[in-house]
Each structure stands twice: as structure tokens, then as C-alpha cells.
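Reader: Please show me the chain and its model. I would then like to go through the fold, the confidence and some individual residues.

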Amino acid sequence: MKKLISLLPGVVLSLSPIVAQNLVPNSSFENNTGCPSGWSQIGLVNQWTSPSNGTPDYYHTCATVPDMDVPVNISGYAQPHTGNGYVGIITYGDTLTFPGTPLYVEYIQIPLSSPMIAGQCYTVQFWVSCCEGTPALIGTDPNIVGLSSHISAFISVAPPTAPGWN
């Protein structure tokens, strides 16, 4: 199934204290166990997983099929912020797009390389790029008020789980 709703290639994450140490390992999705050959292959990216039934996609210049290639793929055109790969997620999908699901959302997660320290200031930043067919970009979905309302970071001691599709 072609994923059209808010597919976000180009997500690169960084969590760093003010001294500029990145606590997010493999933040540019470069370390992998293989090249993408189809949809839903977040499992190829070392240490990254999905906490829900969602199926994030992996795009890389070493892809074995054009749909998952970089920078041009089935979702559009996007250069990686750094390196040769990125991950695509759906931040909002309704029952019209995904029949049988009231809301469909994809997440990605990774354990930090070291614990955060209480009282320390941290900066969280990530880069996001919408695919060309995203309703939020072209203004065709009245339920989507904008990209920023669907992107966030959640930091917890225990790995979160998001049972189901939302």
C-alpha cells in the first residue's frame, strides 16, 4: 500500500546536553543490517524500533528497489539531512486512508547512549521533511492543522509501548 498521509522522510534525531554530546545513537540511520527492499523495514536500522503496530519505512541510497531509494523514491524527493538514509513515518492516517483503523500513526524509538542527568539542561532537535503528497502541505485535509501539531519527542525511563495503531 502506498503511504500518502504525512510520510516524513528526513527525520534525524539528536538529544544533547548543552555541551553538545549527542545521546541518540545512530541518529542519522546510517548503521544498518541491510539495505531496504520494501516498505516497513525499520528493523534494518540498528537500534531503532517501533513501539506500536505502525510500520515505519527505511530509505537509503543502497536500496535494492527504486521505491525506497534516496533522494527520489515513491514518497517524493528528499535529501538526507546527514548521511545516506532516513526514516519515513505517518503522523496521521484516518479510516478513509486505512480502512478498519480509527486512527493510524507511526512512531520510532531508540534507547539513549547514556542516562540523562537530573538538573542538566538538554536540547532536543530533529529534522523533518514532508513528502510532496502530504495533505498537510497541500491543504486538502481539513483535519490536519499543520505538521507541527503531529511531531514531538517523548523521553521516558522505560521504553514506551503504543498498543494498536494509534
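**Fold, confidence and selected residues**

Author: The secondary structure of the protein consists of one helix and eight strands; helices (H or I, at least four residues) and strands (E, at least two) are DSSP runs, numbered from the N terminus. This is a predicted model, in which local features need pLDDT of at least 70 and side-chain atom pairs count only at pLDDT 80 or more, while totals for chains, interfaces and linings use all residues. Residues are numbered from 1 along each chain as its sequence is written, and side-chain values use heavy atoms, with hydrogens and water left out.

Reader: In what order do the elements of the protein run from the N terminus on?

Author: The elements to be placed are one helix and eight strands. Read from the N terminus, the order is β-β-β-β-β-β-β-β-α.

Reader: In which element of the protein is confidence lowest?

Author: Confidence is given as pLDDT, the predictor's own score for each residue, from 0 to 100. The protein averages 77, and 69% of the residues score at least 70. Strand β2 (residues 57-60) has the highest confidence, at 95, and the lowest, a mean of 49, belongs to helix α1 (residues 135-138).

Reader: Over which residues does pLDDT stay under 50, with 81 contacts beyond four places in sequence?

Author: A contact means heavy atoms within 4.5 Å. The model has 81 such contacts beyond four places in sequence for a stretch where pLDDT stays under 50, namely residues 1-13.

Reader: What share of the 166 residues in the protein is buried?

Author: Buried means under 20% relative accessible area, exposed over 50%, and partly exposed in between (1.4 Å probe, protein chains only). Of the 166 residues in the protein, the buried share is 42%.

Reader: How many residues make up the largest nonpolar core?

Author: A nonpolar core is a set of buried Ala, Val, Leu, Ile, Met, Phe, Trp, Tyr and Cys residues joined through side-chain atoms within 4.5 Å. The largest one includes Phe29, Trp48, Tyr58 and Ile110. A second, separate core has six residues, among them Tyr59 and Tyr86. The residue count of the largest core is 11.

Reader: Which cysteine does the disulfide join to Cys35?

Author: The structure holds one disulfide, defined as a pair of cysteine sulfur atoms within 2.5 Å. The S to S distance is 2.1 Å, and the partner of Cys35 is Cys62.

Reader: How many residues apart in sequence are the parts that the pair of Cys35 and Cys62 ties together?

Author: The link of Cys35 and Cys62 is left-handed, with -115 degrees about the S-S bond. Cys35 lies in the loop between β1 (12-17) and β2, and Cys62 in the loop between β2 and β3 (72-73), so the pair ties together parts whose separation in sequence is 27 residues.

Reader: Is Cys121 buried or exposed?

Author: Cys35 is partly exposed at 31% relative accessible area, and Cys62 is partly exposed at 26%. Cys121 has a relative accessibility of 51%, so Cys121 counts as exposed.

Reader: Which residue does a cis peptide bond join to Val70?

Author: Most peptide bonds are trans. Here omega is about 10 degrees for the bond between Val70 and its partner, Pro71. In the chain, the loop between β2 and β3 is the place of Pro71.

Reader: What is the phi of Asn26?

Author: Most residues other than glycine have a negative phi. Asn26 is found in the loop between β1 and β2 and is buried, with a relative accessible area of 10%. Its phi is positive although Asn26 is not a glycine, at about 50 degrees.

Reader: The side chain of which residue has a polar atom 2.6 Å from the backbone nitrogen of Ser40?

Author: Ser40 also has a positive phi, near 65 degrees, and its place is in the loop between β1 and β2. The residue whose side chain approaches the backbone nitrogen of Ser40 at 2.6 Å is found in strand β2. That residue is buried, with a relative accessible area of 0%, and is Asp57.

Reader: With which side chain does the side chain of Thr55 make a polar contact?

Author: A polar contact is a pair of N or O atoms within 3.5 Å; within protein, one must be able to donate a hydrogen and the other to accept it, and residues adjacent in sequence count only if both atoms are side-chain atoms. Thr55 is found in the loop between β1 and β2 and is partly exposed at 26% relative accessibility. At 3.3 Å, its side chain contacts that of Ser40.
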